[in-house]
Amino acid sequence: MTALVAAAIAATTAAAAPGDAVDTLHQAARQTKPTVVLVHGAWADTLSWNGEINLLRRAGYPVRAIGNPLQDLTTDAQTVHDFLKSIKGPIVLAGHSYGGSVITNAAQGVSNVKALVYVDAAAPAVGETTAQLSGPTSVLTKGSPADLYDSVPYPNAPSNASALYLKEQIFVTKFANSVPHDQAVNLWATQRAATTVAFNTPSKYAAWKKIPSWYFISSGDQIITPASEQKMAHRAGSKVTLYKGGSHLTLVSDPAAVTKVIQSAASSVS
């Protein structure tokens with residue numbers, strides 16, 4: 001296959017203008033790399049992956065970041081699953097925070113997902129909920145709902161369900177404390193709500209049992225504790241990177257460190 005690609009590049013380069021030849025080389029390089037699909041977590045959106053997207057694209061990777069509905073783990077995972085089915089060739093699937101629960105379910109039955117990357121994320125076993133995995137010392141476990149969230153109703157919500165927004169003080173000082181203050185406030189102001197249903201839906205699948213995984217753990221994460229993540233990584237047999245410092249949003253404050261782990265996973269995909 002490599003010889004055929006090289007021959008095609010050589011033939012095209014001989015007949016094309018210099019600029020066209022460079023474009024052909026870039027296209028051929030991209031075709032040899034897996035597509036990286038990024039799934040964001042709660043109180044965030046696809047823009048949280050901007051730093052990683054820029055770095056991965058510069059390295060020649062096709063990259064997609066898909067909107068996570070943050071409504072219900074089962075249906076959120078189905079949304080991502082259906083998107084994955086539209087992609088040809090090998091996939092490296094990365095999830096941040098609650099997005100880790102989503103990829104754990106979405107990858108089930110998608111044979112071209114070759115690697116999972118958990119970034120300060122939950123990796124539930126079958127029957128576990130995301131809410132169970134924050135860890136006993138997590139801010140979300142220790143704090144009362146009234147102190148943590150602005151809770152609002154939403155259309156067609158199940159009984160007793162609500163949409164949750166992190167309060168500003170919690171978001172800036174506990175969730176995004178490694179991010180510059182003004183940027184953290186902007187992220188708080190533009191956060192997307194996650195529902196109580198999303199956090200309390202039991203996982204139906206555990207794709208990490210069959211798909212190789214990588215785990216990026218920030219020692220400064222106060223939302224999903226490093227101890228909880230290390231337990232999940234251990235049972236999944238993940239390759240672990242422990243990042244000193246950071247926060248639950250190290251993917252925003254230090255995208256180069258996160259990208260390095262994603263590229264490590266991608267380099268394992270043939």
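1. Which helix and which strands make a right-handed β-α-β unit? The unit is made by β8, helix α11 (residues 226-236) and β9. A crossover counts as right-handed if, with the strands pointing away from the viewer, the path from the first strand over the helix to the second runs clockwise. Helices (H or I, at least four residues) and strands (E, at least two) are DSSP runs, numbered from the N terminus.

2. Basis of the note. This is a predicted model, in which local features need pLDDT of at least 70, side-chain atom pairs count only at pLDDT 80 or more, and totals for chains, interfaces and linings use all residues. Residues are numbered from 1 along each chain as its sequence is written, and side-chain values use heavy atoms, with hydrogens and water left out.

3. Overall composition. The protein has 13 helices and nine strands. Of its 270 residues, 50% are buried, where buried means under 20% relative accessible area, exposed over 50%, and partly exposed in between (1.4 Å probe, protein chains only). About 12,400 Å² is exposed by the protein, and carbon and sulfur atoms supply 55% of that area; accessible areas come from the Shrake-Rupley method with a 1.4 Å probe, and for residues only the protein chains shown count as cover. Among contacts (heavy atoms within 4.5 Å) with a separation of 6 or more, 73% are between residues 24 or more positions apart.

4. The sheet. Six strands form an open sheet in the order β2-β1-β3-β4-β8-β9, with parallel pairing. Two strands are taken to pair if DSSP finds at least two bridges between them. At the edges are β2 (63-66) and β9 (239-243), each of which pairs on one side only. Direction ignored, neighbouring strands of this sheet are turned by 15° against each other on average.

5. Pairing in detail. Strand β1 (residues 35-39) pairs with strand β3 (residues 91-97) in the parallel sense over five bridges, and Gly95 in β3 is the bridge partner of Val39. β4 and β8 pair in the parallel sense over four bridges, whereas β8 and β9 do so over five bridges. Trp214 of β8 stands opposite Val117, and its bridge partner in β9 is Lys239.

6. Strand β8. Six of the six residues of β8 (residues 213-218) are buried. In a regular strand the side chains alternate between the two faces of the sheet. In β8, Ser213, Tyr215 and Ile217 point one way, Trp214, Phe216 and Ser218 point the other way, and all are buried.

7. Helices against the sheet. Helix α3 (residues 50-58) lies across β1 and β2, and runs at about 160° to β2. Helix α4 (residues 73-84) lies across β1, β2, β3 and β4 (113-121), at about 155° to β2. For these angles, axes are lines fitted to C-alpha atoms, for helices over the stretch in contact, and angles run from 0 to 180 degrees between N-to-C directions.

8. Helix α5. In helix α5 (residues 98-106), nine of the nine residues are buried, including Tyr98, Ile103 and Asn105. The buried residues of α5 pack against β1, α4, β3, β4 and α10 (196-200).

9. Nonpolar cores. A nonpolar core is a set of buried Ala, Val, Leu, Ile, Met, Phe, Trp, Tyr and Cys residues joined through side-chain atoms within 4.5 Å. The largest has 78 residues, and those with the most contacts inside it are Trp43, Leu93, Leu116 and Ile262. β4 gives the most to this core, with seven residues. A second, separate core of five residues includes Tyr154, Ala161, Ala193 and Val197. Not counting residues up to four places away in sequence, Trp43 touches residues including Leu70, Tyr149, Phe171, Arg192 and Phe199.

10. Positive phi values. Asp120 is not a glycine, yet has a positive phi of about 45°. Asp120 is in strand β4 and counts as buried, at 0% relative accessibility. Asn160, also a residue other than glycine, has a positive phi near 70°. Asn160 lies in the loop between β5 (149-152) and β6 (163-166) and is exposed, with a relative accessible area of 79%.

11. Gln222. Gln222 is in the loop between β8 and α11 and counts as partly exposed, at 24% relative accessibility. The C-alpha atoms of Gln222 and Ser138 are separated by 5.5 Å, with the two positions 84 residues apart along the chain counted as their distance apart. Not counting residues up to four places away in sequence, Gln222 touches Ser138, Val139, Thr173, Lys174 and Asn177.
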